[in-house]
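Colleague: Hi! Could you walk me through this model before I set anything up with it?

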Amino acid sequence: MIREKSSDLMENILLLLLSINLVSGIINYSMLKLPVLKIQLTSVILLFVLAILANRFTVEQITVGAICIAVTFISWMFYGATSEFLFLILLMIGGSLINPKKVLQLTAIITTCSLIFLFLLSKFGIITNLLFWKNGSYRQSFGMIYPLTFAAFVLYAVVSFSMVSFSDNSNHIWAIVIIILAITLNKYNQARNDSIALIAIALLFCFNLNKIPNIKKITEIGLISVEILAVGMVFLSKIIPNATNMYYKINSISSNRLYLQNILFSNYHPSAFGKYIPEVGFGGQGQQVQGYFYIDSSYTRIFFMGGVILFVLFMYIIWRLISKFIRLGLYRHAWLLIIVMLTAITEDTFSKLGTNILIPIFLCNEQVIKDSFITSKNSVKSVKRKIKFEF
């Protein structure tokens with residue numbers, strides 16, 4: 001009994017620190033000019049330290065975590081890479097001991113409330129609602145530093161909520177809600193990729209995936225495909241010849257991303273431990289900037305700025321997580337992450353500390369995932385059957 005209370009207390013403290021990290025991370029990407037970065041980094045460090053003191057890691061978590069810390073620390077200290085990747089790993093390790101269902105519930109609630117709060121502040125003129133002119137109309141940021149940042153948080157909040165709130169059966173009401181969100185984001189934020197991702201998620205709720213023949217094999221193929229696409233995106237400018245019709249078409253569809261990746265390869269070379277790469281983006285300004293250069297793809301970002309070793313480790317971690325979902329028959333969870341991985345091909349949010357709010361579940365072990373999403377679900381069903389029998 002004492003051990004259980006101690007364990008619950010520790011988890012609650014970890015959840016509190018995770019909440020602080022979430023709120024400060026969202027504020028850091030908003031137009032609220034508050035010095036929250038140090039608060040966020042401090043919460044991540046404390047989360048990591050307390051998780052280490054809890055000493056409940058598996059061999060895989062210890063091995064992968066230690067290697068990731070070593071690589072990101074060396075990259076930061078000796079190769080000038082950003083320290084953000086190190087904190088990303090610390091958050092991943094610190095969050096891995098918390099019940100992932102509780103993590104996702106907390107993430108969905110805090111992110112949704114924060115976005116509504118920032119949206120209202122921007123609409124009442126308390127903080128700036130940045131406007132960016134594109135395709136003949138303005139795209140709005142709704143209190144965030146960039147329209148796509150707001151859209152990405154909406155997508156991740158929907159993913160978090162979708163993982164913890166529904167059974168395996170179809171849910172057409174939730175699918176309609178998601179489609180409405182997708183249409184809204186496409187209209188006001190012009191977040192094409194996130195809107196497509198939301199529509200794909202809505203389709204997941206039109207069926208009971210467990211009843212689809214060969215769903216396990218289909219999901220495995222989906223995982224393999226998205227990993228190949230992730231690697232392919234890093235070398236896309238090398239694969240597609242310059243000054244060809246295909247090059248110009250893909251560059252146009254990808255909003256000049258292929259051209260920018262060409263510049264990246266021309267000026268920088270991949271290395272084992274990454275490097276610092278100066279960027280000039282539109283975020284937080286709402287106007288054109290001189291010498292625009294930004295790495296939008298999360299995979300390209302990790303590959304160049306975090307290094308080849310970190311890229312391989314990161315792809316292994318996400319592969320293992322989705323594979324755990326597949327083995328446990330949590331196919332909708334697996335596809336939700338596959339869809340998020342697809343958005344990361346053209347967006348940087350998957351590789352950033354404040355925006356990838358799913359990071360704390362990435363290193364969770366299989367038993368914890370089973371206890372969170374399957375055992376608890378079966379317990380609820382058992383209680384319902386018992387109540388039905390009694391009546």
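Modeller: Happy to; we can go from the overall fold to a few individual residues.

Colleague: Great. What kind of model is it?

Modeller: It is a predicted model.

Colleague: And how many helices and strands does the chain have?

Modeller: The secondary structure comes to 16 helices and two strands.

Colleague: What radius of gyration does the chain have, next to a compact globule?

Modeller: The chain has 21 Å, and a compact globule of 391 residues would have a value near 21 Å, so the two agree. If you want box dimensions, the C-alpha atoms fill roughly 70 × 50 × 45 Å along the principal axes.

Colleague: Handy. How much of the chain counts as buried?

Modeller: Of the 391 residues, 52% count as buried. The accessible surface comes to about 18500 Å², and carbon and sulfur atoms account for 66% of that area.

Colleague: What about contacts between residues far apart in sequence?

Modeller: Taking contacts with a separation of 6 or more, 74% are between residues 24 or more positions apart.

Colleague: Quick one on charges: how many positive and negative side chains are there?

Modeller: There are 32 positive and 16 negative side chains. The centres of the two sets lie 4 Å apart.

Colleague: Okay, on to the interior. Which residues touch the most other members of the largest nonpolar core?

Modeller: That core has 122 residues, and the ones touching the most other members are Ile-201, Tyr-299, Ile-322, Phe-350 and Phe-362. As background, nonpolar side chains tend to be buried together in soluble globular proteins.

Colleague: Let's take Ile-201. Where does it sit, and is it buried or exposed?

Modeller: Ile-201 lies in helix H8. Its relative accessible area is 0%, so Ile-201 is buried.

Colleague: And which residues does Ile-201 touch?

Modeller: Not counting residues up to four places away in sequence, Ile-201 touches Leu-155, Val-158, Val-159, Ser-162, Ile-178, Leu-336 and Ile-339. Take Ile-178 from that list: Ile-201 and Ile-178 are 23 residues apart in sequence, with 7.7 Å between their C-alpha atoms.

Colleague: Nice. Which residues is Phe-362 in contact with?

Modeller: Leaving aside neighbours within four places in sequence, Phe-362 is in contact with Met-92, Phe-314, Ile-317, Ile-318, Leu-321, Phe-350 and Asn-356. Phe-350 is also among the core residues that touch the most other members.

Colleague: Changing topic: where do you see a positive phi outside glycine?

Modeller: Phe-142 is one of them, with phi near 50°. Phe-142 is found in the loop between strand E2 (137-140) and helix H6 (147-164). Gln-190 also has phi near 50°, and is found in the loop between H7 and helix H8 (192-204).

Colleague: Are those two buried or exposed?

Modeller: Phe-142 has a relative accessible area of 6%, so it is buried. Gln-190 is buried as well, because its 13% falls under the 20% cut-off.

Colleague: What about Asn-189, which residues is it in contact with?

Modeller: Asn-189 is in helix H7 (residues 172-189) and counts as buried, at 0% relative accessibility. Beyond neighbours within four places in sequence, Asn-189 is in contact with Arg-139, Gln-140, Ser-141, Phe-142, Pro-147, Phe-150 and Thr-184. That list includes Phe-142, the residue with positive phi we just discussed.

Colleague: What else is in that E2 to H6 loop?

Modeller: Met-144 is found there, and is buried with a relative accessible area of 0%. Among the residues in contact with Met-144 are Ile-26, Tyr-29, Leu-115, Phe-150 and Phe-153.

Colleague: Tell me about Phe-153, then. Where does it lie and which residues is it in contact with?

Modeller: Phe-153 lies in helix H6 and is buried, with a relative accessible area of 1%. Its contacts include Ile-26, Tyr-29, Leu-115 and Met-144, and also Gly-354, Thr-355 and Ile-357.

Colleague: Last one: is Phe-124 buried or exposed?

Modeller: Phe-124 counts as exposed, because its relative accessibility is 66% and the cut-off for exposed is over 50%. Phe-124 lies in the loop between helix H5 (100-123) and strand E1 (131-134). For a distance to check in your viewer, Phe-124 and Lys-249 are 41 Å apart, C-alpha to C-alpha.

Colleague: Perfect, thanks!

Notes. Residues are numbered from 1 along each chain as its sequence is written. This is a predicted model: local features need pLDDT of at least 70, side-chain atom pairs count only at pLDDT 80 or more; totals for chains, interfaces and linings use all residues. Side-chain values use heavy atoms; hydrogens and water are left out. Helices (H or I, at least four residues) and strands (E, at least two) are DSSP runs, numbered from the N terminus. The radius of gyration is taken over C-alpha atoms; the globule rule is 2.2 Å times the number of residues to the power 0.38. Buried means under 20% relative accessible area, exposed over 50%, partly exposed in between (1.4 Å probe, protein chains only). Contact means heavy atoms within 4.5 Å. Accessible areas come from the Shrake-Rupley method with a 1.4 Å probe; for residues, only the protein chains shown count as cover. Lys and Arg count as positive and Asp and Glu as negative; His and the chain ends are not counted. The place of a charge is taken as NZ of Lys, CZ of Arg, CG of Asp or CD of Glu. A nonpolar core is a set of buried Ala, Val, Leu, Ile, Met, Phe, Trp, Tyr and Cys residues joined through side-chain atoms within 4.5 Å.
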